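Student: I've got a new model open on my screen and would like to talk it through. Can we start with the overall fold and then go to the rings?

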Amino acid sequence: MNNILTRLIGDKKDWKRMEARAAELPADYRTVYSEMKNYMWRFTAGDGMDIVEILRDILDLFETEAAAGRSVIDVTGPDLAAFCDARLPEQQDVYRAKLRANLNKVADKLV
């Protein structure tokens, strides 16, 4: 029981650190990261740690590229859903087309 509690508390602290890092991103990166996060959580399995690891990698990439002065669309391409899907475990979902279209509307506003 202590191991589970320690893991949950540690995971929550780690998540808060990630969210603080994301808050420091430029506005366009923050918008895209937030929308990607919402999109990807719909495809999580189990305890969600698979998505947390993917989001951590994306956050690392965004921090590096923002510091280099690149726009977020230059990093992800205009198809944000494809960028996310390439990182998600393979799954079948009847709502994926609708979710992809909604996510890509964010990129359309930034282009």
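Student: In what order do the elements run from the N terminus on?

Tutor: Keep in mind that this is a predicted model. The protein has six helices and zero strands. Reading from the N terminus, the order is α-α-α-α-α-α.

Student: What share of the residues is buried?

Tutor: Buried here means under 20% relative accessible area. The protein has 111 residues, and the buried part of them comes to 35%.

Student: Which helix gives the most residues to the largest nonpolar core?

Tutor: That core holds 30 residues, and among those touching the most other members are Tyr 33, Tyr 39, Ile 58 and Phe 62. Two or more residues come from each of α1, α2, α3, α4 (72-76), α5 (80-85) and α6 (96-110). With eight residues, the top giver is α3.

Student: Sticking with Tyr 39, which residues does it touch, leaving out those up to four places away in sequence?

Tutor: Tyr 39 is among the core members that touch the most others. Leaving out those sequence neighbours, its contacts are Ala 81, Cys 84, Asp 85, Leu 88, Arg 96, Leu 99, Arg 100 and Leu 103.

Student: On to the rings. How are Trp 15 and Trp 41 arranged as an aromatic pair?

Tutor: A search of the whole structure turns up three aromatic pairs. For Trp 15 and Trp 41, the centres are 5.8 Å apart and the planes make an angle of 65°. Planes over 60 degrees apart count as edge-to-face, so this pair is edge-to-face.

Student: Are those two Trp residues buried, partly exposed or exposed, and what are the values?

Tutor: The partly exposed class runs between 20% and 50% relative accessible area. Trp 15 has 24%, so it is partly exposed. Trp 41 has 31%, so it too is partly exposed.

Student: Which helices hold Tyr 29 and Phe 62?

Tutor: Tyr 29 and Phe 62 make an edge-to-face pair, with 5.2 Å between centres and 75° between planes. Both residues are buried. Their pairing ties together parts 33 residues apart in sequence, because Tyr 29 lies in helix α2 and Phe 62 in helix α3.

Student: Which ring joins Tyr 29 and Phe 62 in a cluster?

Tutor: Ring pairs link Tyr 29 and Phe 62 with one further ring, Phe 83. Arg 87 lies over the face of that ring, at 3.6 Å from its centre. The ring you asked about is Phe 83.

Technical notes. Residues are numbered from 1 along each chain as its sequence is written. This is a predicted model: local features need pLDDT of at least 70, side-chain atom pairs count only at pLDDT 80 or more; totals for chains, interfaces and linings use all residues. Side-chain values use heavy atoms; hydrogens and water are left out. Rings of Phe, Tyr and Trp (its six-membered ring) pair if their centres lie within 6.5 Å; planes under 30 degrees apart count as stacked, over 60 as edge-to-face and the rest as tilted. Buried means under 20% relative accessible area, exposed over 50%, partly exposed in between (1.4 Å probe, protein chains only). Helices (H or I, at least four residues) and strands (E, at least two) are DSSP runs, numbered from the N terminus. A charge sits over a ring if NZ of Lys or CZ of Arg is within 6 Å of the ring centre and within 35 degrees of the ring normal. A nonpolar core is a set of buried Ala, Val, Leu, Ile, Met, Phe, Trp, Tyr and Cys residues joined through side-chain atoms within 4.5 Å. Contact means heavy atoms within 4.5 Å.
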